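This briefing covers two sites in one protein model: a pocket and a ligand site. Please keep the structure open while reading.

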Amino acid sequence: MTTLQNKAQRTFSFEFFPPNTPEGQEKLRATTRQLAQLNPKFFSVTFGAGGSTRDRTLGTVLDIRAMGYAAAPHISCIASTRENIREWLQRYKDEGIKHLVALRGDLPSGLASAGEFRYANELIEFIRTEFGDAFQIEVAAYPEFHPQGKSAQDDLRNFKRKVEAGANSAITQYFYNADAYYRFVDECEAIGIAIPIVPGIMPVGRYSQLARFSDTCGAEIPRWMRKKLEGYGDDTASIRAFGLDVVTALCENLLRQGAPGLHFYTLNQAGLITTIWQRLGL
Ligand code: FAD
């Protein structure tokens, strides 16, 4: 990796999913207040495929904004029509939203039709054609490659399509192997991709949950980590302590090598991230 970031330019952000109960909403407000003390550039809120969470995504974004913090909704295009997506983008625009995370999403089981957009690059093109520069657009990147990519090379070319379509910056899938990220960034630079690629960071809370996520999204838990985590069994305190050591060391390494920031997958919890933050001395 060649580009060392000026510390002042680094961006830190936190991702939430939209809660589906009033209690969950209240808890998320407390989490937001706690994480806001770390002074992130923005919070982002995920979007269920086919628009299944769209009102809650927007509601959560507006709630965070009403608390005085910047928030960016995600939008995913799978299982949607152009008309649905246009309406929804217009809604975002009318609400004064200027920052989005734009994704393809995954087809929910039981839904047969992928809709009118096949890939995220088509969504980015659509946003730029219909809405010009109304939104700053973040896209997803995969240092260990997307599970459906035909090959690593093909996946990289597909990432480039999103950048050429008008993405401003990228957030990666989480990873625990920093070398995969450095190599990915180098390869992106070599093919002329110049946008910031912010590492996505997943704290280790519950091993079974992490293993399940990783199996579906193709993010590797290295063997040595799996072995250690499996060895702790139900000892959640040891899992958390080990996870904090590993993830803090990963973040330290990434920032030292010039990563343009960090994006944390919070799972709507503040505890682990606050500890990592303190240990990083940020
Ligand atoms: P794409 O960039 O379209 O890539 C998907 C696959 O298609 C890849 O294998 C790629 O190589 C291939 N491909 C891409 N373009 C082409 C092309 N033109 N021709 C042929 N092949 C192509 N999911 C949600 O449902 N909601 C969310 O809010 C959400 N937030 C996320 C946030 C981040 C930071 C990340 C990393 C992921 C998120 N996801 C979310 C998951 C994401 O939707 C899935 O990983 C999904 O499988 C791919 O989405 P994408 O936008 O990366 O797709």
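In this predicted model, helix 1 contributes four residues to the lining of the second largest pocket, the most from any helix or strand. That pocket has a volume of about 460 Å³. A ligand is also present, with 24 residues surrounding it.

**Second largest pocket**

- The lining consists of 23 residues.
- Nearest the centre of this pocket are Gln-209, Thr-266, Leu-267, Asn-268 and Gln-269.
- At least two lining residues come from each of helix 1 (22-36), helix 7 (207-217), helix 9 (236-256) and helix 10 (271-280).
- By residue class, the lining holds twelve nonpolar, eight polar and three charged residues.

**Shell around the ligand**

- The closest residues to the ligand are Asp-106, Tyr-142, His-146, Asp-155 and Lys-162.
- Helix 4 (120-131), helix 5 (152-165) and strand 6 (169-174) each provide at least two residues of the shell.
- Helix 5 gives the most to this shell, with four residues.
- The shell is made up of eight nonpolar, ten polar and six charged residues.

**Polar contacts and burial of the ligand**

- The side chain of Asp-106 has an N or O atom 2.5 Å from an oxygen atom of the ligand.
- Asn-158 places a polar side-chain atom 2.9 Å from an oxygen atom of the ligand.
- At Gly-105 the contact is through the backbone, with an N or O atom 3.0 Å from an oxygen atom of the ligand.
- The ligand taken alone exposes 960 Å², and the protein buries 89% of that.

Definitions and conventions:
Residues are numbered from 1 along each chain as its sequence is written. This is a predicted model: local features need pLDDT of at least 70, side-chain atom pairs count only at pLDDT 80 or more; totals for chains, interfaces and linings use all residues. Side-chain values use heavy atoms; hydrogens and water are left out. On a 1 Å grid over the protein atoms alone, a cavity is a set of points where a 1.4 Å probe fits but cannot get out, and a pocket is an open set with protein on both sides within 12 Å along at least five of seven lines; lining residues have an atom within 4 Å of a point. Grid points are joined across faces, edges and corners, and a volume is the space filled by probe spheres set on the points. Ala, Val, Leu, Ile, Met, Phe, Trp, Tyr, Cys and Pro count as nonpolar, Asp, Glu, Lys and Arg as charged, and the others, Gly among them, as polar. A residue is near a molecule or strand if one of its heavy atoms lies within 4 Å of it. A polar contact is a pair of N or O atoms within 3.5 Å; within protein, one must be able to donate a hydrogen and the other to accept it, and residues adjacent in sequence count only if both atoms are side-chain atoms. Accessible areas come from the Shrake-Rupley method with a 1.4 Å probe; for residues, only the protein chains shown count as cover.
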